[in-house]
Amino acid sequence: MSNFTVVSLFSGAGGLDIGLERVGFTVVSANDVEEVCYQTLRENQQQQLPIKHKNRTFLENTKIVPGDITQLSGQDLSQGRSIDLVVGGPPCQTFSSSGKMQSVLDPRGQLFLEFVRIVNELQPKCFLFENVRGLVTAKDKNGIPGGVIKAILESFEAIGYSCRVDLLNAADYGSFQRRVRCFIVGVKYGTAPLFPSATFSRKAGDAVQLDLLHQPLK
């Protein structure tokens, strides 16, 4: 078993979690409020022909935690273990161009605060936060474009994490799908790392960092 432990929030069907396990992490727990999501996680965990990787089944030691994240604590998710990474993508519909783009005026648009709360309770070495590209320009409650992501970064920095944010396209890293997402990475010690340079784009080696980034904490 890996020494690197993960708590997964807003887990969906577990794609991100399986990706992490492929590179050596162990997902301690995975949470989602949607029944179809946690049932999918359980089915993948209990299928007759489980997916194997390096002699272990994906999510084989993962506790599936159904329920509303606002009603859960870090202790509910950690199973008494020290957590290295908290990962997840809070609901994106309210920031997506495919939705009504109500931003934080929709209660789902405020669930990033629950992600921050769990990070603060667990104090992991790092976190990975994922969302749609619309998060970058989403308006805050005062109608200021970019105000939401600024508030998110300030919330993480207020609890002691150095942060970095960028828009990454999955196709630039070898995926067969063009999928642009906003990623925020934060570390408790030192300075947040740069994102890896694109390897499959037309301008391979070019990774442009967003100008709106706060200066990493010292």
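**A walk through the sheet and its cores**

Okay, let's start with one small detail: Arg 164 has its bridge partner in E9, and that partner is Val 185. Before I go on, please keep in mind that this is a predicted model.

So what do those two residues belong to? E8 and E9 pair in the antiparallel sense, over eight bridges. As a general reminder, the strands of a sheet pair through backbone hydrogen bonds, either parallel or antiparallel. And is E8 mostly covered or mostly open? Mostly covered: seven of its eight residues are buried.

Let's zoom out to the sheet. In which order do the strands run? If you follow along in the structure, you go E5-E2-E1-E6-E7-E9-E8, which makes an open sheet of seven strands with mixed pairing. The edges are E5, residues 63-66, and E8, each of which pairs on one side only. On average, neighbouring strands are turned by 15° against each other, if you ignore direction. Then there's helix H2, residues 35-46, which packs on this sheet and touches E5 and strand E2 (26-32). The direction of H2 makes about 165° with that of E5.

Further along the order we get to E1 and E6. These two run parallel and are joined by four bridges. If you want one to look at, take Ser 8, whose bridge partner in E6 is Val 87.

Now for the inside. The largest nonpolar core has 33 residues. Which of them touch the most other members? That would be Leu 9, Val 86, Phe 115, Phe 127, Phe 129, Phe 156 and Ile 184. Several elements give two or more residues to this core: strands E1 (5-9), E7 (126-132), E8 (162-169) and E9 (180-187), plus helices H4 (112-122) and H5 (147-158). H4 gives the largest share, six residues. There's also a second, separate core, with 18 residues, and Ile 18, Tyr 38, Ile 64 and Phe 183 are among them.

Let's stay with H4 for a moment. Its buried residues are Phe 112, Glu 114, Phe 115, Val 116, Ile 118, Val 119 and Leu 122. If you wonder about the spacing, an α-helix has 3.6 residues a turn, so residues three or four places apart point the same way. What covers the buried residues of H4? The cover includes E1, helix H3 (74-78), strand E6 (85-88), E7 and H5. And just after H4 comes Gln 123, with a positive phi of about 50°.

My next stop is Phe 127. Setting aside neighbours within four places in sequence, its contacts include Leu 85, Val 86, Phe 115, Val 119, Phe 156, Tyr 161 and Cys 163. Ile 184, Val 185 and Gly 186 are in contact with Phe 127 too. So Val 185, the partner of Arg 164 from my opening, turns up again.

The structure holds seven aromatic pairs. How are the rings of Phe 127 and Phe 156 arranged? Their centres are 4.0 Å apart and their planes are at 25°, and stacked means under 30 degrees, so this pair is stacked. Phe 127 lies in strand E7 and Phe 156 in helix H5, so the pair ties together parts that are 29 residues apart in sequence. Both Phe 127 and Phe 156 are buried.

Phe 127 also pairs with Tyr 161, and this one is edge-to-face, 5.7 Å centre to centre with 65° between the planes. Tyr 161 sits in the loop between H5 and E8 while Phe 127 is in strand E7, so here the parts tied together are 34 residues apart in sequence. Tyr 161 is buried, as Phe 127 is. Put it all together and you get one aromatic cluster, formed by Phe 115, Phe 127, Phe 129, Phe 156 and Tyr 161.

Two last residues. Ile 18, from the second core, is found in helix H1, residues 15-22. Why do we call Ile 18 buried? Its relative accessible area is 19%, and the cut-off is under 20%. Its C-alpha atom is 7.3 Å from that of Leu 59, although the two are 41 residues apart along the chain.

And finally Thr 62, in the loop between strand E4 (56-57) and E5. Thr 62 is buried, with a relative accessible area of 8%. What does its side chain reach? The backbone oxygen of Val 27, at 2.6 Å. Not counting residues up to four places away in sequence, Thr 62 touches Glu 21, Val 27, Val 28, Ser 29, Ala 30 and Gln 45.

Conventions. Residues are numbered from 1 along each chain as its sequence is written. This is a predicted model: local features need pLDDT of at least 70, side-chain atom pairs count only at pLDDT 80 or more; totals for chains, interfaces and linings use all residues. Side-chain values use heavy atoms; hydrogens and water are left out. A nonpolar core is a set of buried Ala, Val, Leu, Ile, Met, Phe, Trp, Tyr and Cys residues joined through side-chain atoms within 4.5 Å. Buried means under 20% relative accessible area, exposed over 50%, partly exposed in between (1.4 Å probe, protein chains only). Contact means heavy atoms within 4.5 Å. Two strands pair if DSSP finds at least two bridges between them. Axes are lines fitted to C-alpha atoms, for helices over the stretch in contact, and angles run from 0 to 180 degrees between N-to-C directions. Rings of Phe, Tyr and Trp (its six-membered ring) pair if their centres lie within 6.5 Å; planes under 30 degrees apart count as stacked, over 60 as edge-to-face and the rest as tilted. A polar contact is a pair of N or O atoms within 3.5 Å; within protein, one must be able to donate a hydrogen and the other to accept it, and residues adjacent in sequence count only if both atoms are side-chain atoms.
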